[in-house]
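I wanted to know where this protein leaves empty space and what surrounds that space. These are my notes from looking it up.

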Amino acid sequence: MLWYHIVFLALIQGLTEFLPISSSAHLILPSQILSWPDQGLAFDVAVHVGTLIAVVSYFWRDVYFILKDWSASLLGARATSNSRLGWWVILATIPAVLVGLCFNHFIEANFRSIEVIAYSTIGFGVLLWVSDRFFAHAKDIQQLRLPSVLVIGVAQALALIPGTSRSGVTMTAARFMGFSRDAAARFSFLLSIPIIVAAGSLKSLELLSGQHLLVVDWHSIIWGVVLSALSAYLCIHLFLKWLSQIGFLPFMIYRLALGALLLWLVKVS
């Protein structure tokens, strides 16, 4: 890849992984509009590593205490809010893992069209705004309970449909269940850790099982990790800082515009 391909794709992955605007919708645009070459499996792994570094670095205290108390609970220690949160993250991750294992090939074969991505970008964007605008939201992250966790987990499985946005659909579900913007965002970001690990591990296995390592451009890989990590970290920080003021309306408007652009591409192609 050329240097500006690396910069653009790494920044796009870092930003869209955590903003509720769908990374899959953005990553198809360079190839459709600019005829850029496919970035390759190794680069996909690199930017996943970058976003993982970002979210773990930003929430390292939360991750540390969650892992500490959750591990202690396995040995019979008294349950704490952190150990319960660890269990909630695990339980909310299971639906996406099961759906991914069972239906990944079906989804890849039937839901990868630009038209599907466009409609899901628009539809789930509207749902995000509705959940934010018309439901009472006062619960904090410590008020998570099993029914809410399962609803958010099932919603996360829907993100396997391209254009949905994993962060967007989990925040939407949390808002529908009565959680504050900050609580919805924080739980969504914590949920991203095992999902990114799972996706990165799967792509790594594909990489190791093929001939991809013979043609890896390590210069691109290193810059992909660095740029995606920096952009993702900044994205998380600014999103949490501004979310309570701006809400989700700007993201819905952006998704409507992006979806319309994608539908226009379908029409003219």
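Before listing anything, I wrote down the term I needed: a residue counts as lining a pocket if it has an atom within 4 Å of one of the pocket's grid points. I also noted that this is a predicted model.

Entry 1, the second largest pocket. I looked up its lining and found Val 63, Ile 66, Leu 67, Trp 70, Gly 86, Val 89, Ile 90, Leu 190, Ile 193 and Pro 194. The space in this pocket comes to about 200 Å³. I then checked which helices take part: α5 (60-74), α6 and α10 each supply at least two lining residues. α5 has the largest share, with four residues. Sorted by class, the lining holds nine nonpolar residues, one polar residue and no charged ones. Gly counts as polar in this sorting, so I take Gly 86 in the list to be the polar one.

Entry 2, the largest pocket. I read off a volume of about 1600 Å³. The lining has 46 residues, and those closest to the pocket's centre are His 48, Glu 108, Leu 160, Ala 199 and Lys 203. Several helices supply at least two lining residues each, among them α1 (3-16), α4 (41-58), α6 (81-110) and α10 (181-209).

Which helix gives the most to this lining? I found that α6 does, with eight residues.

I sorted this lining by class as well, and got 22 nonpolar, 16 polar and eight charged residues.

Entry 3, helices in both lists. I noted that α6 and α10 supply at least two residues to the lining of the second largest pocket and also to that of the largest pocket.

How values were computed
Residues numbered from 1 in each chain as written. Predicted model: local features only at pLDDT ≥ 70, side-chain atom pairs only at ≥ 80, totals over all residues. Heavy atoms only, no water. 1 Å grid on protein atoms, 1.4 Å probe; cavity = no way out; pocket = protein on both sides within 12 Å on 5 of 7 lines; lining within 4 Å. Points joined across faces, edges and corners; volume = space filled by probe spheres on them.
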